[in-house]
Amino acid sequence: MTYAFDHAAAPTATPAGRTARRKALLRWIAVHSLGVAAALFFVLPFVFLLLTSLMDGRQTLTRDLIPHHWAWSNYRAVFETPGFLTWWKNTLLYAGLGTVLSVVSSVPVAYALAKFRFRGRNLSLMLVISMMMLPPQVIIIPMYLFWAKQLDLSGTLWPLIIPLAFGDAFTIFLLRQFLLTIPNEYLDAARVDGCGELRTLIKVVLPMARPGIAAVALFQFFYAWNDYFGPQIYASDTPASWTLSYGLESFKGAHHTDWNLTMAATVLVMAPVILVFFFAQKAFVEGVTLTGVKG
Amino acid sequence: MSTTYTLRAKHRRSALRTLAFLSPWLIGFCVFFAYPLISTVYFSFTHYDGFGAATFDGLTNWSYVFGEYPLFWPALRNTLWLVIVMVACRVVFGLGVGMLITKIKTGVGVFRTLFYLPYLAPPVAATLGFVFLLNPGTGPVNSLLGDLGIPAPDWFTDPSWSKPALTLLAVWGVGDLMVIFMAALLDVPTEQYEAAELDGASPWQRFRYVTLPNISPIVMFAVVTGVIQAMQSYTQPLVAAKVASGNMGNSGQQFEPGYPDKSTLTLPQLVYNLGFQRFDYGSACVVALVLFALSMAFTALLMKRRGGLVQAGE
């Protein structure tokens with residue numbers, strides 16, 4: 001990576017060189033102080049949450065910020081709350097199975113949109129983008145009636161998981177953006193060697209598309225992990241089907257004044273996301289960049 | 001004769017192949033997009049409470065939502081407020097942070113990670129955290145402001161501060177925009193800065209005449225996607241209102257929507273409120289269609305080919 005603003009002064013011993021060096025140093029200090037200020041804005045909320053999660057219940061209602069005694073047992077209490085482990089299981093099912101299904105079904109679609117020439121390709125792409133932009137609330141009434149009245153699946157997470165087996169617009173769009181960056185020469189070479197399209201996709205394109213697939217898989221996983229609206233529509237009456245995001249809000253209800261336990265649960269819901277991020281930073285950044293930059 | 005035949009066969013084979021590759025999405029499009037969308041239009045003209053069959057009801061739902069439903073106009077106003085203010089704040093702040101990160105030379109990886117983290121925080125968790133942090137009585141933010149002698153607002157419990165509080169939460173999660181802006185800023189040709197500097201351009205002039213024109217498509221992209229996001233505001237305002245009002249139960253308890261004083265009510269919440277709490281599916285579909293019209297208008301803007309936002313071809 002090169003930085004467009006890199007104009008470091010030449011380190012010469014002349015007076016002019018010295019002024020330039022002092023100016024560069026001042027600029028370094030200014031930029032990095034600003035950086036530290038911004039970092040505090042982004043990080044302090046996490047620190048406060050963490051500290052609160054380690055207080056005893058009474059201290060959360062005072063103005064003291066540092067726990068009087070570090071109540072690590074709060075975390076055990078959260079895990080022992082009835083339902084909490086079930087929410088984990090449900091969330092992993094929704095996020096895990098949903099991600100696998102959406103990636104498997106979206107890959108061929110994205111491949112066709114990126115690499116095949118056919119009539120209606122631009123129209124298809126426009127429809128994919130429209131689907132991506134559609135607020136879920138627009139179609140929720142007929143969808144709910146379809147799953148609840150016709151298939152009797154309300155109270156479960158299946159109405160959220162099954163549609164993902166038929167491609168996900170956001171996943172298709174991002175994957176297509178990524179596949180555009182793979183040069184056609186590789187595909188032509190495989191075709192000349194007598195590969196069919198499916199074999200070209202599996203043997204040639206997929207190995208090259210691994211970073212893109214990792215990015216969309218992470219996005220899909222965290223979409224499901226964070227989803228509140230879907231579980232609220234289909235599973236709200238069935239606590240055994242709640243996910244972490246949905247259950248967390250009710251957790252605050254069950255523990256009315258226990259901000260410490262609520263914050264401990266909040267930390268536990270955030271932790272896996274942040275942990276995964278540290279292992280897969282590149283894929284995240286790749287995914288975000290794909291949404292905006294590469295045409 | 002035979003060449004035309006094989007050519008046609010080849011065309012047919014390639015058309016079938018395309019169809020096969022697209023088939024998961026084609027099914028998904030019909031079942032989970034086209035069919036429910038048409039049904040939403042149909043239901044908006046019927047009376048339906050979930051029992052029996054839907055009965056045709058003409059424009060009753062439409063005139064009810066626009067004329068009598070007391071929550072519709074406040075929700076539309078709130079949604080537009082969020083669309084304008086939240087997006088403006090996020091884009092300006094995201095661009096600022098993006099520029100800052102391109103200038104940081106020491107520990108850039110650490111800074112970038114720290115700036116990005118809030119974007120990952122699950123919305124419910126982040127909202128719960130912010131309601132606690134901004135709690136007027138015991139929250140650390142108001143304690144700090146009090147120690148500094150700054151009069152602290154009541155945030156999520158004051159109707160005139162609840163939307164700014166939501167905006168603050170959205171600005172905190174600006175990491176996605178930072179990454180997009182950073183990538184765009186690093187793509188600006190260095191020679192243009194050097195040329196501008198030789199011409200004696202001030203930092204502001206370099207920003208105005210070199211940086212901005214180069215990144216304007218990305219700014220536009222951030223604005224339009226931000227507008228679509230803001231229009232869909234659902235989880236954060238709902239959770240904030242529930243928690244701040246001290247009425248958090250997921251089942252049973254009656255909850256005043258939009259607490260405080262309807263200030264956090266948004267259009268997507270109305271769909272839920274009308275459909276799943278009052279079982280007035282028809283009116284819920286009217287609000288859903290208003291939301292649809294708004295989001296499609298902005299999507300069209302996003303897809304305007306010459307705008308260069310999302311290129312359809314290669």
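This report walks through a predicted model of a complex with chains A and B.

## How confident the prediction is

Let us begin with confidence. For the complex, the predictor gives an ipTM of 0.89 and a pTM of 0.89. The average pLDDT of chain B is 89, and 92% of its residues score at least 70. In chain A the average is 88, with 93% of the residues at 70 or above.

Within chain A, the confidence is highest in helix H6 (residues 158-161), at a mean of 96. It is lowest in helix H14 (residues 281-292), where the mean is 76. Residues 1-10 of chain A have a pLDDT below 50, and this stretch makes 20 contacts in the model beyond near neighbours in sequence. Where pLDDT is low, the predicted coordinates should not be read in detail.

## The overall build of chain A

Chain A is a helical chain, with 14 helices and 0 strands. Reading along the sequence, you meet the pattern α-α-α-α-α-α-α-α-α-α-α-α-α-α. Chain A has a radius of gyration of 25 Å, while the globule rule gives 19 Å for 295 residues, so the chain is more spread out than a compact globule. Its C-alpha trace spans about 75 × 70 × 30 Å along the principal axes.

Of the 295 residues in chain A, 55% are buried. Among the chain A contacts with a separation of 6 or more, 70% are between residues 24 or more positions apart. The accessible surface of chain A is about 13400 Å², and carbon and sulfur atoms account for 66% of it. Chain A also carries 22 positive and 15 negative charges, and the mean positions of these two sets are 12 Å apart.

## The overall build of chain B

Now for the partner. Chain B has 13 helices and 2 strands. Its radius of gyration is 25 Å, whereas a compact globule of 314 residues would have a value near 20 Å. Taken along the principal axes, the C-alpha atoms of chain B fill a box of roughly 80 × 70 × 30 Å.

Buried residues make up 54% of the 314 residues in chain B. Of the chain B contacts between residues at least 6 apart in sequence, 66% link residues at least 24 apart. Chain B exposes about 13900 Å², with 64% supplied by carbon and sulfur atoms. Its charged side chains comprise 19 positive and 16 negative ones, and the centres of the two sets lie 15 Å apart.

## Two residues of chain A that touch chain B

A good place to zoom in is A:Leu49, which sits in helix H1 (residues 15-53) of chain A. With a relative accessibility of 4%, A:Leu49 counts as buried. A:Leu49 and A:Met263 are 214 residues apart in sequence, but their C-alpha atoms are 6.0 Å apart in space. Setting aside neighbours within four places in sequence, the contacts of A:Leu49 within chain A are A:Met263, A:Thr266, A:Val267 and A:Met270, and on chain B they are B:Gly129 and B:Leu133.

The other example is A:Ser124, found in helix H4 (residues 121-133) of chain A. A:Ser124 is buried, at a relative accessible area of 10%. Not counting residues up to four places away in sequence, A:Ser124 touches A:Leu113 and A:Phe118 in its own chain and B:Trp25 across in chain B.

## Backbone details in chain B

Some backbone features of chain B are also worth a look. The loop between helix H11 (235-244) and helix H12 (267-277) of chain B contains B:Pro260. The peptide bond leading from B:Tyr259 into B:Pro260 is cis, with omega near -10°. B:Lys262 has its place in the loop between H11 and H12 of chain B too. Its phi is positive, about 60°, although B:Lys262 is not a glycine. B:Lys262 is partly exposed, with a relative accessible area of 32%.

Another positive phi in a residue other than glycine belongs to B:Trp155, at a value near 45°. B:Trp155 lies in the loop between helix H6 (140-147) and helix H7 (162-172) of chain B. With a relative accessible area of 10%, B:Trp155 is buried.

Terms used. Residues numbered from 1 in each chain as written. Chains lettered and ligands numbered in written order. Heavy atoms only, no water. Helix = DSSP H or I, 4+ residues; strand = E, 2+ residues; numbered from the N terminus. Rg over C-alpha atoms; globule rule 2.2 N^0.38 Å. Buried < 20%, exposed > 50% of the residue type's maximum accessible area, 1.4 Å probe, protein only. Contact = heavy atoms within 4.5 Å. Areas by Shrake-Rupley, 256 points an atom, 1.4 Å probe, with all protein chains shown as cover. Lys, Arg positive; Asp, Glu negative; His and termini not counted. Charge placed at Lys NZ, Arg CZ, Asp CG, Glu CD. pLDDT = per-residue confidence, 0-100.
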